[in-house]
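This report covers selected local features of one protein chain. Domain bounds, helix packing and backbone geometry are taken in turn.

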Amino acid sequence: MTAEYKVHGNVAVITLANPPVNGLGLSTRQGIVDGLEQANADGAVKSIVITGAGGAFSGGADIKEFGTDKAMQEPNLNSVIAAIENSDKPVVAAIHSVAMGGGLELALGCHYRVAAPGCSVALPEVKLGILPGAGGTQRLPRVIGVEPALNMIVSGEAIKSEMLAMLPGQKLFDKLVDSPEALAAEALAFAQSVADVRPMPLVRNLPCKHPEGDAYFQFARNMVKGMSKNFPAPAKCVDAVEAATKKKFADGLATEREIFINLMWTAESRSLRHLFLAERAASKIPDVPSDTPKRDIKAVAVIGAGTMGGGIAMNFLNAGIPVKMLEMKQEALDRGIATIRKNYEAQVAKKKLKQDKYEQRMALLSTTLSYDDLKDADLVIEAVFEEIGVKEAVFKQLDAVMKPGAILASNTSTLDVNKIANFTQRPQDVVGLHFFSPANVMKLLEVVRGAATAKDVLATVMAMAKKIKKTAVVSGVCDGFIGNRMIEQYSRQAGFLLDEGCTPAQVDKAVEKFGFAMGPFRMGDLAGNDIGWAIRKRRAIEQPGMKYSKTADLLCEKGRYGQKTGAGWYDYVPGKRDAIPNAEVVKMIEDHRASLGITPRKISDEEIVQRLVFSLVNEAAYILEEGIANKASDIDVVYIFGYGFPVHRGGPLNYANEVGLFNVVQAMKRFAKNPLDDAAFWKPAPLLAKLAAEGKNFQ
Ligand code: 3H9
């Protein structure tokens, strides 16, 4: 049982004990009901306290149980809350640290609530594509008011208990104690003080009204519409809270339940729940146990003060870690510092950063022209020109000066990390840290594990990633690692679409309608088309038979590298990012098509999206099979956090699972028959073919 029962004097204490966050799984729910029964049957017990062990009151329903029989099995959470409401003796929730989702709903079902300061209180279900399904939408408005409650439910954001306690007229907390340490004793004393109060108060009996309900809920609907284009849950939260104001409690609860169950089965909710677990699973490396010792990272060095180096440095400054930046010339350092300042000043101007915080961060930054000055850093990250000879020179110098045990990292996005490691006498200390541009903004960090990378180095950089608020995913060594290796196939396919009849704008529009932040051509313009050009030149030598569309090369030959040159697949006005279609580019594509003797055909949005997304899926299957990625969900995390893949689709492999791998393979077979495409391209990877044949999913 994952709830403990103890009696202190005449108060029974039920302690939720289901680490890590006291999720309300079946055995915990059963434990609460058993505890209530025992307390009610014991004549010596006058009142009951429910609290949570460890670092949470409760994080809510057990997310890992969703989709299994246990989630629906009695006692479900509504039945547990009914048992509390029907208890003969008063039940007091003693809330601390985290009271979220079903955890808060459980507390709202209690007769009284005593809270510690510093507790994060939230109904975050909307972030999982659902809404509170155990009375949260009906009870929270009754204790803090309709508008504050709807704001919390629609945003899912946590608010500290001490802030909520200040809401005028709030009935959420009967008492806010002075400190978390005081909670246990004060909750016991409170429970004793209310032991004889009858009738016992119930949140369900409080009134729930909004003076201008119709106008307010219309306004709220308009607000959430803009915010939640691809997600049904926020609008449904408005419906449920409106029901709380217009229906009897029991009917409102039934409305909430019905919406909850319907939302639970949506693809959007499945995707969000998948991502919640995937993001947390990404930090776990199968052969690196969580208790692996970690090295201290107290000082960081960054080689290169360009856009990438500066962005990387900012992550550490933001986390309060001193950074020393090295460049070959003072002018380069000055430029780098000026860019960092400009970035921070923009944040100050937008009121996202306080002036004193900005100054504190800049005070942590120092510069040098000499490798000798880096010797005390615990971690050094190289962000220099992407050329193996340049990396060799850097790593040989680092090897000569860095203290023993320092971690030597490369920000390479394509080069062989094993080769780089072997430029040093300490390959075990070398790792790839592939930040994504802009490095101070993008959440993804690909951690590239070399053949010799030590386990404690991996454990250290994964922990460090969390500290600098990155989502880290481990990749093995291969050309392009997980993300760029897949994007190369996606870009090849985008080129074939142009040859066959599409314009860049048509492809981008279809992909953006599917939900990508940016279509492939706008993305190319942002990243720089010359990067893909360089890769294709390299491929022409390494894999001479590989089929490519020539359009992107023709574009680069015109100097249209993208936003940085003001012209790429589209035109750009200085200072703006709007992509303006260019007639000459369209003509260039048409002429090239004609030179190949191709008669253009109209290609549907569905075909465009399938060809692009399934090209990602097939390459991902190779990546999984080769062990470059540890698990399918890691690949989804890479694509969501690094490549703008639509969140509501849950990543390329989650999406493929939703479509059904059988259907994916069928589509690929159709595409392979297209003479203008590349039959070899569409040969299903062995893992994909096997899973599809066995009716299984990517795991
Ligand atoms: C709900 O309640 C539905 C009801 O309305 C209706 C029911 C009928 N369950 O984030 P962290 C695990 S829906 C199971 O890294 P932090 C998490 O997977 C639920 N496990 O830590 C991870 O496990 P592992 C509504 C959970 O300190 C570990 O805890 N509730 C749950 O940065 C640490 O997580 C939510 O949506 C859970 N509910 O943040 C709350 N929550 O170590 C979602 C966490 O194996 N949770 N885990 O990888 C959070 O927001 C954060 O996890 C929390 C801790 C703030 C609690």
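A crossing is called left-handed if the near helix is turned anticlockwise from the far one by less than a right angle, and right-handed if clockwise. Helices (H or I, at least four residues) and strands (E, at least two) are DSSP runs numbered from the N terminus.

The model is predicted: local features need pLDDT of at least 70, side-chain atom pairs count only at pLDDT 80 or more, and totals for chains, interfaces and linings use all residues. Residues are numbered from 1 along each chain as its sequence is written, and side-chain values use heavy atoms, with hydrogens and water left out.

**Domains**

The domain assignment divides the chain into domain 1 (3-264), domain 2 (300-475) and domain 3 (483-693). Such bounds come from an automatic or database domain assignment. The centres of domain 1 and domain 2, taken over C-alpha atoms, are separated by 44 Å.

**Helix pairs**

Two helix pairs are described here. Axes are lines fitted to C-alpha atoms, for helices over the stretch in contact, and angles run from 0 to 180 degrees between N-to-C directions. Angles under 35 degrees count as roughly parallel, over 145 as roughly antiparallel, 65 to 115 as roughly perpendicular and the rest as oblique.

Helix H13 (residues 307-318) packs on H14 at an angle of about 55 degrees, and their axes are 10 Å apart. H13 and H14 are therefore oblique to each other, and their crossing is right-handed. On the H13 side, Gly310, Ala313, Met314, Leu317 and Asn318 make the contact (heavy atoms within 4.5 Å); their partners in H14 are Ile340, Asn343, Tyr344 and Gln347. By class, this contact of H13 with H14 has five nonpolar, four polar and no charged residues. Here Ala, Val, Leu, Ile, Met, Phe, Trp, Tyr, Cys and Pro count as nonpolar, Asp, Glu, Lys and Arg as charged, and the others, Gly among them, as polar.

For helix H3 (residues 77-85) and helix H4 (residues 102-109), the axes come within 8 Å and cross at roughly 25 degrees. H3 and H4 are therefore roughly parallel to each other. H3 passes H4 in a right-handed crossing. Leu77, Val80, Ile81, Ile84 and Glu85 of H3 meet Gly102, Glu105, Leu106 and Gly109 of H4. The contact of H3 with H4 has five nonpolar, two polar and two charged residues.

**A covered helix**

How many of the eight residues of helix H27 (residues 652-659) are buried, that is, under 20% relative accessible area? Six are, and H27 is mostly covered. The buried residues are Pro652, Leu653, Asn654, Tyr655, Ala656 and Asn657. They pack against helix H12 (267-281), helix H19 (481-500), helix H20 (504-514), helix H25 (605-625), helix H26 (632-643) and helix H28 (661-672). H27 is followed by Gly660, which has a positive phi near 100 degrees.

**Loop residues**

Accessible area is computed with a 1.4 Å probe on protein chains only; exposed means over 50%, and partly exposed lies between the 20% and 50% limits. The table gives four loop residues.

| Residue | Loop | Relative accessible area |
|---|---|---|
| Asp429 | helix H17 (417-421) to strand S15 (430-435) | 4%, buried |
| Ser97 | strand S4 (91-95) to strand S5 (98-100) | 30%, partly exposed |
| Lys351 | helix H14 (330-349) to helix H15 (355-363) | 75%, exposed |
| Lys352 | H14 to H15 | 64%, exposed |

Leaving out residues up to four places away in sequence, Asp429 touches Arg295, Gly405, Ala406, Ile407, Leu408 and Val457. Ser97 is not a glycine, yet has a positive phi near 60 degrees. Lys351, also not a glycine, has a positive phi of about 65 degrees. The C-alpha atom of Lys352 is separated by 20 Å from that of Lys160, and the two residues are 192 residues apart along the chain.

**Cis peptide bonds**

Which residues does a cis peptide bond with omega of about 5 degrees join? Pro19 and Pro20 are joined by this bond, and Pro20 is in the loop between strand S2 (11-16) and helix H1 (26-41). The peptide bond from Ser437 to Pro438 is also cis, with omega near -10 degrees. Pro438 is found in the loop between S15 and strand S16 (444-448).
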